[in-house]
Amino acid sequence: MKLTVGERFDHNLPDEGMSVILVNGTPMLTFNFSLNRQQIDAFLNGSCSFGLFTENDALFFLFKIDNFLEWSDLAFTIHLAGDETVATGPGYLPFNLVLIDSATSIIKGLRVVTTTPEFGAILADITEQQAKQPFDTIAYYKTIGDIYEKYPSASDMLIKALIVEEGGITLPKH
């Protein structure tokens, strides 16, 4: 998947929202918002933090970008990721961050921020366990709803997160 700032993001996204997918084994977080220049700068330059929370075989990515987005969460299951698996190995796990203007679908910012090998290993273990379990779409969404009742905000999930860390090396893409 080739992405370029100033080009159109031609993939289905919810209006004004966020999503997480795997692309070649690495997480890609998309932010589809109405934007101003200050928000774009904050996205490109703010420190990033990431976490993982799991309960009842449901996985949530936790993330924030200083001065752009407070702690937020997105549910994820490997069962809805096609034939993707999480990249494993001794290296750092990159997160690809894509900022899209919701009015035009034009990409306004791209970043790659790394997490530690430990973070990648935990994510790989969780998704490998998910893959071994049978999947029922209705049960999955019920579980997600139950977890949101128990933990109504990402901050509530942070308390019980398996790992939380500040993103490492940030490589802006031009």
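Trainee: Where is Leu93 found?
Mentor: Leu93 is part of strand S6. Keep in mind that this is a predicted model.

Trainee: Is Leu93 buried or exposed?
Mentor: Leu93 is buried, because its relative accessible area is 4%, and buried means under 20%.

Trainee: And what does Leu93 touch?
Mentor: Leaving out residues up to four places away in sequence, Leu93 touches Gly25, Thr26, Pro27 and Ala87. The list goes on with Val113, Thr114, Thr115, Thr116, Phe119, Gly120 and Leu123.

Trainee: How many residues apart along the chain are Leu93 and Thr114?
Mentor: They are 21 residues apart along the chain, with 5.4 Å separating their C-alpha atoms.

Trainee: Okay, let's zoom out. How many helices and strands are there in the protein chain?
Mentor: The protein chain has four helices and nine strands. Along the sequence the pattern reads β-β-α-β-β-β-β-β-α-α-α-β-β. The radius of gyration is 16 Å, close to the 16 Å the globule rule gives for 174 residues, so the chain is as compact as a globular protein of that length.

Trainee: What does the C-alpha trace span along its principal axes?
Mentor: About 40 × 35 × 30 Å.

Trainee: What share of the 174 residues is buried?
Mentor: Buried residues make up 45% of the 174. On the outside, the accessible surface comes to about 9,200 Å², and 51% of that belongs to carbon and sulfur atoms.

Trainee: Which residues in the largest nonpolar core touch the most other members?
Mentor: That core has 33 residues, and the ones touching the most other members are Leu29, Phe31, Phe50, Phe61, Phe68 and Leu97. Elements giving two or more residues to this core are strands S1, S2, S3, S4, S5 and S6, plus helices H1 and H2. Apart from it there is another core, of 11 residues, among them Phe53, Ala58, Trp71 and Tyr140.

Trainee: Back to Leu97. What is it in contact with?
Mentor: Setting aside neighbours within four places in sequence, Leu97 is in contact with Leu29, Phe31, Phe43, Cys48 and Phe50. Leu97 also contacts Ile65, Gly109, Leu110, Arg111 and Val113.

Trainee: What share of the contacts with a separation of 6 or more comes from residues 24 or more positions apart?
Mentor: In the protein chain, that share is 67%.

Trainee: You mentioned Tyr140. What about Thr77, where does it lie?
Mentor: Thr77 lies in the loop between S5 and S6. Thr77 is buried, with a relative accessible area of 5%. Not counting residues up to four places away in sequence, Thr77 touches Gln130, Phe135 and Tyr140.

Trainee: New topic: where is Thr4?
Mentor: Thr4 sits in the segment before S1. Thr4 is partly exposed, at a relative accessible area of 28%.

Trainee: And which residues does Thr4 touch?
Mentor: Thr4 touches Ile107 and Leu110, not counting residues up to four places away in sequence. Thr4 and Ile106 are 102 residues apart in sequence, and their C-alpha atoms are 9.2 Å apart in space.

Trainee: How about Glu149, buried or exposed?
Mentor: Glu149 is exposed, because its relative accessible area is 67% and exposed means over 50%. Glu149 is found in helix H3.

Trainee: How far apart in space are Glu149 and Pro27?
Mentor: They are 26 Å apart, C-alpha to C-alpha, and 122 residues apart in sequence.

Trainee: How many positive and negative side chains are there?
Mentor: The protein chain has 11 positive and 22 negative side chains, and the centres of the two sets lie 4 Å apart.

Trainee: Last thing, the backbone. What is the phi of Asn56?
Mentor: Phi of Asn56 is near 50 degrees, a positive value in a residue other than glycine. Most residues other than glycine have a negative phi. Asn56 lies in the loop between strands S3 and S4, and is exposed, with a relative accessible area of 57%.

Trainee: And what's the phi of Asn67?
Mentor: Phi of Asn67 is near 65 degrees, again positive in a residue other than glycine. Asn67 is in the loop between S4 and S5. At 74% relative accessibility, Asn67 counts as exposed.

Conventions. Residues are numbered from 1 along each chain as its sequence is written. This is a predicted model: local features need pLDDT of at least 70, side-chain atom pairs count only at pLDDT 80 or more; totals for chains, interfaces and linings use all residues. Side-chain values use heavy atoms; hydrogens and water are left out. Buried means under 20% relative accessible area, exposed over 50%, partly exposed in between (1.4 Å probe, protein chains only). The radius of gyration is taken over C-alpha atoms; the globule rule is 2.2 Å times the number of residues to the power 0.38. Contact means heavy atoms within 4.5 Å. Accessible areas come from the Shrake-Rupley method with a 1.4 Å probe; for residues, only the protein chains shown count as cover. Lys and Arg count as positive and Asp and Glu as negative; His and the chain ends are not counted. The place of a charge is taken as NZ of Lys, CZ of Arg, CG of Asp or CD of Glu. A nonpolar core is a set of buried Ala, Val, Leu, Ile, Met, Phe, Trp, Tyr and Cys residues joined through side-chain atoms within 4.5 Å.
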